[in-house]
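User: Could you take a close look at one part of this model for me? I'd like a single connected walk-through rather than a list.

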Amino acid sequence: MSSESRLYTFSPETKEKLRKFRLGTSRAKDPQAVIYQIDKHTLEIAQVDDEVYTNMQELADELPDHSPRYVLLSYPLTLPSGRLSVPYVLLYYLPVTCNAELRMLYAGAKELMRNTAETGKVIEMAETEDLEKIEEKLGGEQ
């Protein structure tokens with residue numbers, strides 16, 4: 001058992017939500033995203049709210065200015081070959097203005113979150129404006 005999995009926790013409900021979101025988004029026609037955070041006191045990783053965001057601007061508006069978040073994103077796109085692809089990634093949102101304690105808290109759980117959510121890759125974001133370029137980041141690295 002890794003040290004991260006002993007330090008950070010997921011409730012059974014959260015694990016089930018992660019599984020359902022991953023399975024439910026694989027055939028989605030629109031982008032779908034959910035936001036996760038770490039409770040500083042209990043070190044439990046949980047979904048912020050029950051909202052599934054389909055609009056990148058609404059998602060950007062929900063991300064805090066001074067606190068990191070994990071965002072699970074399923075983003076359908078058409079590759080240059082014409083084939084439909086639905087990458088499932090973890091966006092690691094780490095604003096430059098957040099304090100060192102929060103940076104370390106989220107950095108320590110990043111791989112655990114990636115493995116538990118079973119995402120293909122992690123994309124780091126420092127500002128919400130990075131969401132505007134998410135399609136080229138996803139399409140360029142296929």
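Analyst: Happy to! This is a predicted model, and I'll stay with one stretch of it: strand β6, helix α4 and strand β7.

Let's begin just after α4, where the chain does something easy to spot: E118 takes a positive phi of about 60°. Now step back to the other end of the helix. At the start of α4, a side-chain oxygen of N99 comes to within 3.1 Å of the backbone nitrogen of E101.

Between those two ends lies α4 itself, running over residues 100-117. The helix has 18 residues, and its first and last C-alpha atoms are 25 Å apart, close to the 26 Å expected at 1.5 Å a residue. Even so, α4 has a kink of about 40°, centred on K110. K110 is also among the buried residues of the helix, along with L102, L105, Y106, A109, L112, M113 and A117. As background, an α-helix has 3.6 residues a turn, so residues three or four places apart point the same way.

Next comes the strand that leads into this helix. How many of the six residues of strand β6 are buried? Six of the six, so β6 (residues 88-93) is largely enclosed by the rest of the structure. Both faces of the strand take part: Y88, L90 and Y92 point one way, V89, L91 and Y93 point the other way, and all are buried.

What are the partners of β6? One is strand β3 (residues 69-74), which pairs with β6 in the antiparallel sense over six bridges. In that pairing, Y70 stands opposite Y92. Another is strand β7 (residues 121-125), which runs parallel to β6 and is joined to it by five bridges. Here V89 of β6 stands opposite K121 of β7. The chain gets from β6 to β7 by way of α4, and this β-α-β crossover is right-handed.

That ties the pieces together. The kinked helix is the link between two parallel strands, and β6 pairs with β7 as well as with β3. If you are following along in the viewer, a handy route is to start at Y92 and its opposite residue Y70, move to V89 and K121, and then trace the chain from β6 through α4 to β7. On the way, you can pause at N99 and E101 at the start of the helix, at K110 where the kink is centred, and at E118 just after the helix.

Definitions and conventions
Residues numbered from 1 in each chain as written. Predicted model: local features only at pLDDT ≥ 70, side-chain atom pairs only at ≥ 80, totals over all residues. Heavy atoms only, no water. Helix = DSSP H or I, 4+ residues; strand = E, 2+ residues; numbered from the N terminus. Expected span 1.5 Å × (residues − 1). Bend = angle between axes of the 7 residues up to and from the residue. Buried < 20%, exposed > 50% of the residue type's maximum accessible area, 1.4 Å probe, protein only. Polar contact = N/O pair within 3.5 Å; in protein donor to acceptor, adjacent residues only side chain to side chain. Pairing = 2+ DSSP bridges. Right-handed = clockwise from strand over helix to strand, strands pointing away.
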